[in-house]
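I am opening a notebook on a structure that is new to me, and I will write down what I look up in the order in which I look.

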Amino acid sequence: MKYYLIGIKGAGMSALALLLSDLGYEVIGYDDASEHRFTEDRLRERNVPIYSEANDAMDKDTIVVRSTAIKDSHPEMQKAIELDLRTYEYHEMLGKLSKKFDTICVSGCHGKTTTTAMISHILNDMGGCNYIIGDGRGAASKESKKFVLEACEYKRHFLAYEPEYVIITNIELDHTDYFENMDDVISAYQEFANKANKMAIICGDDPYTHSLELSKPVYYYGISEDNDIQARNIEYRNDGTSFDVFIEEEYYGHFDLPLFGKHMLLNALAAIGVCHYERMDAKEVSKSLKTFTGADRRFKETFIADNVLIDDYAHHPTEVKVTIKAARQKYPDKEIVAVFKAHTFSRVQEFAEDFANALSLADKVFVMDINYDREDPEDYPGIDAYTIINKVEGADYIEHGMAEKLLPYRNAAILFMSSKEIYLLEEEYKGLIEKELKGKE
């Protein structure tokens, strides 16, 4: 059996490709050749061919999987329809896979990628698991029964999954091109949580999660005293975060997390909760968490000259805020420079004030043009980078080819924040710094 993935460079699609390859299937991909994505190298290392022009890879034994962005009018989809092939959207394929394993679904407006990666890391240290992570990583073994899956709420796609565990890291309004309001978002999470065959593990510190009406067993985690899974004796240091965990009032263990910020502590509590209810030894879980370095494109650091460059996927105001706060925790003596590229006009239209407030926590702010791949700019007149810039004192515009604007900053933490290819600007900046350093030799 052969799988043909259209839009294979997407983070989720590339992870699916790797998992299907591990399960022994032939996997072929199609995507645009005009830009290099961070997922591409990993696919090529695994010998997954990627086509960018029409080809004859599809035949009667091919199953086609497409990303959400691929419409029926796409030439490759037209070919699949003509050949009468079985076709699935990404979330539909994951739904089929989730039925084959004991699936742990990690959902939430923020933190689901890191939490998925964290649980996968621990389970792999404990004997192995299958996983699909939103940072482009996926893996499987035919012997593994557990499947850790990042579950996205967009268009209620996560309702296609069949989970044993449902984890909800938080609930916030996002994807305003689909969700009408907070009530609509809450109803989606409520339906999803009630799909859990075993239990739901939910952040109890979140203001919306207790409004869910649940018929399945639920355990809340967080810092406040009324949580079932609670962190106590917390220390936020510049080398990480340490804390004790009590579960249903019983001491579970002590943990040292090499990550920064309250949001990372909460992600760890979700992972620890799963491990406890799966009857894992606390000392072994603690040992594993000490070696967890984070998900790809989540607070990924590069040191150059006296600056640290931080690449982060933050694309919602809450994520921008916690990323800047984490940088302050780790680098209290450095100037914080925020570079932000928004994704979707609808998100900027809805959250412009919130983005501005979050970015204002930095010492200096640069904003790039808005990225869009499923919207028409004409539907959002007057919405652009300056919608945010004009709300932040001292903010400036930046774009690819303008990395020299970042050169005056020294002894700084420069944060490149976006769900899209902002790391290309980071590469331009690194090139300029390296050239400058060579000139001084």
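**Entry on H157**

Where is the place of H157? I am working with a predicted model, and in it I find H157 in the loop between strand 9 and strand 10. I looked up its accessibility next, and H157 counts as buried because its relative accessibility is 10%, where the cut-off for buried is under 20%. Leaving aside residues up to four places away in sequence, I note that H157 touches T68, E89, H91 and C152.

**Entry on a salt bridge from that loop**

I stayed with the loop between strand 9 and strand 10, since E153 also lies there. The side chain of E153 meets that of K112 in a salt bridge, with 3.7 Å from N to O. K112 belongs to helix 5, residues 112–125, and the pair links distant parts of the chain, 41 residues apart. I checked both partners for burial, and E153 and K112 are both buried.

**Entry on other salt bridges**

How many salt bridges does the count come to? I record 22 salt bridges, and I looked at two further pairs by name.

In one of them K9 is joined to E40, with the closest N and O atoms 3.2 Å apart. K9 sits in the loop between strand 1 (2–6) and helix 1, whereas E40 is in helix 2 (residues 40–45), so that I have here another link between distant parts of the chain, with the two positions 31 residues apart. K9 has 3% relative accessibility and therefore counts as buried, and E40, with a relative accessible area of 8%, is buried too.

In the other pair E436 forms a salt bridge with R410, and the closest N and O atoms are 2.4 Å apart. Here E436 comes from helix 12 (residues 423–439), and R410 comes from the loop between strand 20 (396–397) and strand 21 (412–417), 26 residues apart. For this pair I wrote down partly exposed twice, as E436 has 27% relative accessibility and R410 has a relative accessible area of 32%. I also note that salt bridges with shared partners join K9, E40 and R44 into one network.

**Entry on positive phi values**

Most residues other than glycine have a negative phi, so I looked for residues that depart from this. N411 has a phi near 50°, which is a positive value in a residue other than glycine. I find N411 in the loop between strand 20 and strand 21, and N411 is partly exposed, with a relative accessible area of 35%. T344 has a positive phi as well, near 85°, and T344 is found in the loop between strand 18 (335–340) and helix 10 (345–359). Is T344 buried or exposed? With 2% relative accessibility, T344 counts as buried.

**Entry on helix 1 and helix 4**

I then turned to a pair of helices, and found helix 1 (residues 11–22) packed with helix 4 (residues 90–98) at an angle of about 35°, the axes being 11 Å apart. The residues that make the contact are G12, M13, L16 and L19 on helix 1, and Y90, M93, L94 and L97 on helix 4. Sorted by class, the contact has 7 nonpolar residues, 1 polar residue and no charged ones. The crossing of helix 1 past helix 4 is left-handed.

**Entry on helix 6 and helix 9**

I wanted to know whether helix lengths agree with the rise of 1.5 Å a residue. For helix 6 (residues 182–193) the 12 residues should span 16 Å, and the end C-alpha atoms are 16 Å apart, which agrees. Its buried residues are M182, D184, V185, I186, A188, Y189, F192 and A193, and I see that they pack against strand 6 (102–107) and strand 10.

For helix 9 (residues 317–330) the 14 residues should span 20 Å, and the end C-alpha atoms are 20 Å apart, which again agrees. The buried residues of helix 9 include P317, V320, I324 and A327, and also E319 and K330.

**Entry on I234**

My last look was at I234, which is found in strand 13 (residues 229–237) and counts as partly exposed at 25% relative accessibility. I234 touches I223, T241, S242, F243 and L265, when residues up to four places away in sequence are not counted. I also checked S215, and I234 and S215 are 19 residues apart in sequence but 33 Å apart in space, from C-alpha to C-alpha.

Methods: Residues are numbered from 1 along each chain as its sequence is written. This is a predicted model: local features need pLDDT of at least 70, side-chain atom pairs count only at pLDDT 80 or more; totals for chains, interfaces and linings use all residues. Side-chain values use heavy atoms; hydrogens and water are left out. Helices (H or I, at least four residues) and strands (E, at least two) are DSSP runs, numbered from the N terminus. The expected span of a helix is 1.5 Å times one less than its number of residues. Buried means under 20% relative accessible area, exposed over 50%, partly exposed in between (1.4 Å probe, protein chains only). Axes are lines fitted to C-alpha atoms, for helices over the stretch in contact, and angles run from 0 to 180 degrees between N-to-C directions. A crossing is left-handed if the near helix is turned anticlockwise from the far one by less than a right angle, and right-handed if clockwise. Contact means heavy atoms within 4.5 Å. Ala, Val, Leu, Ile, Met, Phe, Trp, Tyr, Cys and Pro count as nonpolar, Asp, Glu, Lys and Arg as charged, and the others, Gly among them, as polar. A salt bridge is a side-chain nitrogen of Lys or Arg within 4 Å of a carboxyl oxygen of Asp or Glu.
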